[in-house]
Amino acid sequence: MTEISKILALFAYLFVFVIGIGVLWILFLYIIDVSQTKHAVRRNFPVVGRFRYMFEHLGEFFRQYFFAQDREEMPFNRAERSWVYRAAKGLDPTVAFGSTRDLRRIGTTIFANTAYPTLAKDSEAQKVYTVGPDCTHPYSTDRMFHISAMSFGAISKPAVLALSRGAKKAGCWMNTGEGGLSPYHLEGGGDIVFQIGTAKYGVRNKDGSLNEAKLAEVAAHEQVKMFEIKLSQGAKPGKGGILPGVKVTEEIAAIRGIPAGHDSISPNRHPEIHDAASLLEMIATVRRITGKPVGFKAVFGGYEWFEELLQLIVMKGPECAPDFITIDSGDGGTGAAPQALMDNVGLPIRESLPVVIDYLYKYGLKKRIHTIASGKLVNPEYVAAAFCSGADFVASARGFMFALGCIQALQCNKNTCPTGITTHDPKLQRGLDPGDKAERVYRYQRSVEHDIAMIAHSCGVSRPRLLRKEHARIVQANGLSVPMGELYPGPTLD
Ligand SMILES: Cc1cc2nc3c(=O)[nH]c(=O)nc-3n(C[C@H](O)[C@H](O)[C@H](O)COP(=O)(O)O)c2cc1C
């Protein structure tokens, strides 16, 4: 035998060997599948039945590239995400040929343009709004679009760093979420809203009650501008924060004041807040200790409790009122939540926001209590619609996640986020460069504000906060639109 034929023979043996191993492996899987009793598909269709699980998993990734239409996916479709990606990267903001948006869909907002749009020379700069003017340290900002609550824990260190640096450059605030204040929130130098969740992470005693000394320490940071008491969050009303044990690292545990490696589950509500009076008491306590504006965040399921609260405020005097309220949407995002709550509980922001604003007008508190709207308001048209309803500010979490590079892999609860945003795996975090992504956060924030001004000018007003209900029309079941004010006939002028 020549050398060449020896090598060929060796390859032939190897080939037969590998095929043999493969056949044995399939036989092995076949025996396992027919003898197991857990999975009917595998028992009835041994070996091939396994592909179902693989394709189901891969489908999560491939659907968005190959099969889903531009306006089809949930929670955010490709058109919505692409706008954010382009804005964040500073790419050409124009699109070609025509809209892919179906303007006949029920609930679609159409802005009412004027025959005489505002000229660039007549456009006005954004006005400075001051929250909590009677506090020792009121907070003033001319920015309208801000970074909504996401805890360090739910999101990673480089993500927090990128957001805090981006917030500084854009001049907007970032909300810490309920996971406490980390050095990474402070590092960027931007304005911070500190959230007090139901477990009071970062400002708690061992038994979960409020530690006043720790709260004062947090408030001593000049960068921390406001305090938000979280009553509820759209994705999981009636359930506290959930951070799976795999994401509770030593560092996160130390910042929160809890043991590492264990699921971090917050109570369903603040144990000491059970009615309007105790809510106002808590607000007063936090304001007394911090000297800074204090508000609360809630998703609405009804309005009776809110009206009761406003009546009590009117009775006690406007100084006891929260300085702001954040109204979250039933379809808001989260790092982790039970699907039953995520899918079914809490009103969407488009429905609750105009009603809440009407209540504030009714009790003469619209100017005293600033409103922040959140919930899928990631594109300028949604933000502009919130201003038409009367919101003072809009905040987004997932919009800024897209700016950081989120691809909507829906794995925030697993520590396997492929873009490094919601994982503490250093290998996956490598892809997220805080420097580059901070620029994207900045550009996205600015693009949203730029485009809502453009919508405002098209409607004939000189700045976005002059948008009113008459500037938005909502498409009804018959495919025709009616003015927002017809659906929500409360007052619209300050
Ligand atoms: C990863 C992640 C973490 C979040 N963490 C918090 C939190 O700690 N506290 C809170 O009140 N809301 C939290 N939220 C909700 C957001 O702040 C926001 O209210 C909600 O996602 C709606 O805004 P969006 O649609 O722009 O994301 C989180 C959302 C996401 C996606």
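Modeller: Accessible areas here come from the Shrake-Rupley method with a 1.4 Å probe. On that basis the accessible surface of the protein, a predicted model, comes to about 23,400 Å².

Colleague: What percentage of that accessible surface belongs to carbon and sulfur atoms?

Modeller: Carbon and sulfur atoms hold 60% of it. The C-alpha trace spans about 100 × 60 × 45 Å along its principal axes, and the protein has 17 helices and 15 strands.

Colleague: Why is Ser-148 called buried?

Modeller: The relative accessible area of Ser-148 is 7%, and buried means under 20%. The value of 7% is under that cut-off, so Ser-148 counts as buried. Ser-148 is found in the loop between strand 4 (145–147) and helix 5 (157–170).

Colleague: What does Ser-148 touch, not counting residues up to four places away in sequence?

Modeller: Ser-148 touches Asn-175, Lys-297, Ser-374, Ala-395, Ser-396 and Ala-397. Each counts as a contact because heavy atoms lie within 4.5 Å. For the protein as a whole, 68% of contacts between residues at least 6 apart in sequence join residues at least 24 apart.

Colleague: What makes the pair formed by Ala-149 and the ligand a polar contact?

Modeller: An oxygen atom of the ligand is 2.6 Å from a polar backbone atom of Ala-149. The cut-off for a pair of N or O atoms is 3.5 Å, so the pair at 2.6 Å qualifies. By that cut-off Glu-178 qualifies too, because a polar backbone atom of Glu-178 is 3.0 Å from an oxygen atom of the ligand. For Arg-398 a polar side-chain atom lies 2.8 Å from a ligand oxygen, so that pair also passes.

Colleague: How much of the ligand does the protein bury?

Modeller: Taken alone the ligand exposes 600 Å², and the protein buries 98% of that. There are 23 residues around the ligand; Ala-149, Lys-297, Gly-333, Lys-376 and Arg-398 come nearest.

Colleague: How do you know that helix 13 is mostly covered?

Modeller: Helix 13 (residues 380–389) has 10 residues, and 8 of them are buried. Among the buried ones are Pro-380, Val-383, Phe-387 and Cys-388; each is counted because its relative accessible area is under 20%. Over the 494 residues of the protein, 52% count as buried.

Colleague: What phi does Gly-390 take, just after helix 13?

Modeller: Gly-390 takes a positive phi of about 115°.

Key:
Residues numbered from 1 in each chain as written. Predicted model: local features only at pLDDT ≥ 70, side-chain atom pairs only at ≥ 80, totals over all residues. Heavy atoms only, no water. Helix = DSSP H or I, 4+ residues; strand = E, 2+ residues; numbered from the N terminus. Buried < 20%, exposed > 50% of the residue type's maximum accessible area, 1.4 Å probe, protein only. Near = heavy atom within 4 Å. Polar contact = N/O pair within 3.5 Å; in protein donor to acceptor, adjacent residues only side chain to side chain.
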